[in-house]
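I open this notebook with a plain aim: to look up a few features one after another and to write down what I find for each. I start from a loop and work outwards from there.

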Amino acid sequence: MKIKVFVTPKKNVLDPQGVAVGHALESLGLKGLKGTRVGKVVELEVDAGDSPRLRAQLDKLCRDLLSNPVIEDYQYEIAGE
Amino acid sequence: MKIAVLQFPGSNCDLDAFHLFATGLGLPTRFVWHKETRLGEADLVVVPGGFSYGDYLRCGAIARFSPVMGAVRDHAEKGGVILGICNGFQILCEAGLLPGALIRNSSLEFRCVTCDLAVEDAGPAFNTRSLGRRIRLPIAHGEGNYRIDAAGRESLETNHQVLLRYVDNPNGSQGSIAGVRNEEGNVFGMMPHPDRAFERFHPSRDGIAVARAVLSLRFPEILKMSA
């Protein structure tokens, strides 16, 4: 089973990287840009099936390690085999 | 007065921190490798600067789960004194031993410069009596931009948990915050480097006063010792 975890800076937290990338996008001609946020994707491959227990464990791992809840949000997608 | 300096893979100011306490203050100081599960006898635990685990994922995010961090947490819960410098500050924030988080400098630049810092009255050990109103310490970081939510910020200010503020904010930190302590007052963290400010050839010698101020929490007599 494949799991994709998306970690993004919280909406109300300044994202210096996003601001800089936004400026570059504008200088390359993108019009009407209203915001740019830079986050990261963590791809996991796990030998297990989807279950509430796995999701509970994933949530804990996302909160404890993969994201820092002070500054970041996370979400994940679980894809089949 | 025994000092333990932690070492993680990628720590690179461990020797500087060791030298500050061992040579600068002449105190018994030893290293504790991150795989240890016990600290041994330690009155002060120093979490040094560097790039633990290559700063992978987030600065300090992986070091926080090192075996030694269990012992560090116990030490903190028993009221033991901890000082985190630079990456050490980031590790303590990640571990939840200090409030807030450190993100990329607003300039996106790595800043390596000696800063003027305003000393705050942050409790019985760290204050303008032990340190004076202004000190100068070097910084060297790319991720020192201190962030905390509005409620957290308010409680930091109300409880006098801010240790130091940049006079000229180099990294975009909220409230120009350069260092904080926990609510209980025994865990200290700062981005500036007292460990790079005590030799004659260093840009300042204020690191000694910072080390003493932290130690004075349990050993007030240290403030009377001559340099």
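Entry one, a loop residue. I looked up His160(B) and found its place in the loop between α5 (150-158) and β9 (162-166) of chain B. I keep in mind that this is a predicted model. His160(B) has a positive phi of about 55 degrees, although it is not a glycine. I noted this value since most residues other than glycine have a negative phi. Is His160(B) buried, exposed or partly exposed? I counted 15 other C-beta atoms within 10 Å of His160(B), and because a residue is called buried from 20 upwards and exposed at 12 or fewer, His160(B) is partly exposed.

Entry two, another positive phi. I then turned to Leu57(B), which is not a glycine and whose phi is positive, near 70 degrees. Leu57(B) sits in the loop between β3 and α2 (68-77) of chain B. With 17 other C-beta atoms within 10 Å, Leu57(B) is partly exposed.

Entry three, the sheet. I traced an open sheet of nine strands in chain B, in the order β2-β1-β3-β4-β11-β10-β9-β6-β7, and I noted that its pairing is mixed. At its edges I found β2 (29-33) and β7 (134-141) of chain B, each of which pairs on one side only. On average, neighbouring strands of this sheet are turned by 25 degrees against each other, with direction ignored. Inside the sheet I followed one pair, strands β10 (residues 177-181) and β11 (residues 187-190) of chain B, which run antiparallel and are joined over three bridges. There, Gly179(B) stands opposite Met190(B) in β11(B). I also saw that helix α3 (residues 87-94) of chain B packs on the sheet, where it touches β3 (44-47), β4 (81-85) and β11 of chain B; the direction of this helix makes about 120 degrees with that of β4(B).

Entry four, the core. The largest nonpolar core has 75 residues, and among those with the most contacts inside it I listed Leu44(B), Val46(B) and Ile82(B). Helix α6 (residues 207-215) of chain B gives the most to this core, with six residues. Leaving aside neighbours within four places in sequence, I found Val46(B) in contact with Ile3(B), Val5(B), Leu6(B), Ala17(B) and Leu83(B).

Entry five, where the chains meet. How many residues does each chain bring to the contact? I noted nine residues from chain A and 13 residues from chain B. On the side of chain A that touches chain B, the largest share, three residues, comes from helix α1 (residues 16-27) of chain A. By class, that side of chain A has seven nonpolar, two polar and no charged residues.

Methods: Residues are numbered from 1 along each chain as its sequence is written. Chains are lettered from A and ligands numbered from 1 in the order in which they are written. This is a predicted model: local features need pLDDT of at least 70, side-chain atom pairs count only at pLDDT 80 or more; totals for chains, interfaces and linings use all residues. Two residues are in contact if their C-beta atoms, placed from the backbone, lie within 7 Å. Helices (H or I, at least four residues) and strands (E, at least two) are DSSP runs, numbered from the N terminus. Ala, Val, Leu, Ile, Met, Phe, Trp, Tyr, Cys and Pro count as nonpolar, Asp, Glu, Lys and Arg as charged, and the others, Gly among them, as polar. Two strands pair if DSSP finds at least two bridges between them. Axes are lines fitted to C-alpha atoms, for helices over the stretch in contact, and angles run from 0 to 180 degrees between N-to-C directions. A nonpolar core is a set of buried Ala, Val, Leu, Ile, Met, Phe, Trp, Tyr and Cys residues joined through C-beta atoms within 7 Å.
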